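Here are my comments on the model you sent round, set out as numbered points. I begin with the charged pairs and then turn to helix packing, single residues and the overall picture.

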Amino acid sequence: MSIVNGIFVKKVDAMPYLILVILWVLFYATHTWLASLNIKRKIKGWMGSRYIWYRLLYTVFSTVFIFGILLFSSSYSQIHILTTTSFTTYLGYVLASFGTIIIVRSFKSFSKRKFVGLEPHDDLEKSEDFITTGLHAYVRHPIYSGTVLIFLGFFFYDPTLSSAVHVGMLFLYLPIGIHYEEKKLIEIYGEKYIQYKKKVASLIPTKRK
């Protein structure tokens, strides 16, 4: 604690938050890098027939990385930047629940086992079906939309500086992640995806001509 103009001011150790930002940067960078087609082709050349397990290895790596980030963010003293009330807690539950519902419904359009890698497959040999039904008829990236709501819900439930960093880093990453993901999807699906992109919004349903 220090005194500024007669007011007690609590000193904030910035190092944990800087490390948290760096961890998210590393996670999002590796997420985009490992999902690129060029990197996948190189990894397939190294793994050979074992490449069918690449998706599972990627899922395990990403899951461990995210839990590591969340564990680290809970290992130091938290600073609340909003007053927790029954309203913010309720809002947090609503947003997180709605986000979870969106993600669950998104999985109805494709194989969950393939998505996490429990069903081994070579996505470089056979592309997934081009999905434009269900929630994908309203937004191109419903899983991202659900993730945003979950992160926002967590922030309102526990409005600390750490949870604000989680949300802020997600918002900073999304335009970059979507850009590279759609660049890959255009390479896979070509004109079909270009036309789909013109008709359907990215994250928030909007009317388009």
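1. In this predicted model, the side chains of Lys44 and Asp122 come together in a salt bridge, with 2.7 Å from N to O. Because Lys44 belongs to helix α2 and Asp122 to the loop between α5 and α6, this pair ties together parts of the chain that are 78 residues apart in sequence. Asp122 has a relative accessible area of 17% and is therefore buried, the limit being under 20%. Salt bridges with shared partners also bring Glu125 in, so that Lys44, Asp122 and Glu125 form one network.

2. A second pair involves the helix and the loop already named: Lys40 makes a salt bridge with Asp123, and their closest N and O atoms are 2.6 Å apart. Lys40 sits in helix α2 (residues 37-47), while Asp123 is in the loop between α5 (112-116) and α6, so here parts 83 residues apart in sequence are tied together. As for the surroundings of the two partners, Lys40 counts as buried at 8% relative accessibility, whereas Asp123, with a relative accessible area of 24%, is partly exposed.

3. Lys197 and Glu182 form a further salt bridge, in which the closest N and O atoms are 3.4 Å apart. This pair links helix α8, where Lys197 is found, to helix α7, which holds Glu182, across 15 residues of sequence. Glu182 is buried, with a relative accessible area of 3%, but Lys197 is partly exposed at 34% relative accessibility. In the whole structure, the search finds 6 salt bridges.

4. The same two residues reappear where the helices pack, since Glu182, Leu185, Ile186 and Tyr189 of α7 meet Glu191, Lys192, Tyr193, Ile194 and Lys197 of α8. The contact of α7 with α8 comprises 5 nonpolar and 4 charged residues, with no polar ones. Helix α8 covers residues 191-199, and its axis is 6 Å from that of α7, at an angle of about 130°. At that angle the two helices are oblique to each other, because 130° falls neither over 145 degrees nor within 65 to 115.

5. How are α6 and α7 oriented towards each other? Helix α6 (residues 142-157) and helix α7 (residues 161-189) pack at an angle of about 170°, with 9 Å between their axes. The pair is therefore roughly antiparallel. On the α6 side, the contact is made by Tyr144, Thr147, Val148, Phe151, Leu152, Phe154 and Phe155. On the α7 side, the residues taking part include Ser163, Ala164, His166, Val167, Leu170 and Phe171, as well as Tyr173, Leu174, Ile178 and Glu181. By class, the residues of this contact divide into 13 nonpolar, 3 polar and 1 charged.

6. Leu149 also lies in helix α6, and it is buried, with a relative accessible area of 18%. Beyond its neighbours within four places in sequence, Leu149 is in contact with Leu95, Ala96, Phe98, Gly99 and Ile102. The C-alpha atoms of Leu149 and Thr100 are separated by 8.2 Å, although the two residues are 49 apart along the chain.

7. Leu26, by comparison, is placed in helix α1 (residues 15-35) and is partly exposed, with a relative accessible area of 44%. From Leu26 to Asp158 the C-alpha distance is 24 Å, for a separation of 132 residues in sequence.

8. For the protein as a whole, the secondary structure amounts to 8 helices and 2 strands, arranged along the sequence as β-β-α-α-α-α-α-α-α-α. The C-alpha trace spans about 70 × 45 × 25 Å along its principal axes, and buried residues make up 33% of the 209 residues. Of the contacts between residues at least 6 apart in sequence, 79% join residues at least 24 apart.

9. A last point concerns confidence. The average pLDDT of the protein is 90, and 93% of the residues score at least 70. Over residues 1-9, however, pLDDT stays under 50, and for this stretch the model has 9 contacts beyond four places in sequence. Where pLDDT is low, predicted coordinates should not be read in detail.

Terms used: Residues are numbered from 1 along each chain as its sequence is written. This is a predicted model: local features need pLDDT of at least 70, side-chain atom pairs count only at pLDDT 80 or more; totals for chains, interfaces and linings use all residues. Side-chain values use heavy atoms; hydrogens and water are left out. Axes are lines fitted to C-alpha atoms, for helices over the stretch in contact, and angles run from 0 to 180 degrees between N-to-C directions. Helices (H or I, at least four residues) and strands (E, at least two) are DSSP runs, numbered from the N terminus. Angles under 35 degrees count as roughly parallel, over 145 as roughly antiparallel, 65 to 115 as roughly perpendicular and the rest as oblique. Contact means heavy atoms within 4.5 Å. Ala, Val, Leu, Ile, Met, Phe, Trp, Tyr, Cys and Pro count as nonpolar, Asp, Glu, Lys and Arg as charged, and the others, Gly among them, as polar. A salt bridge is a side-chain nitrogen of Lys or Arg within 4 Å of a carboxyl oxygen of Asp or Glu. Buried means under 20% relative accessible area, exposed over 50%, partly exposed in between (1.4 Å probe, protein chains only). pLDDT is the predictor's confidence in each residue, from 0 to 100.
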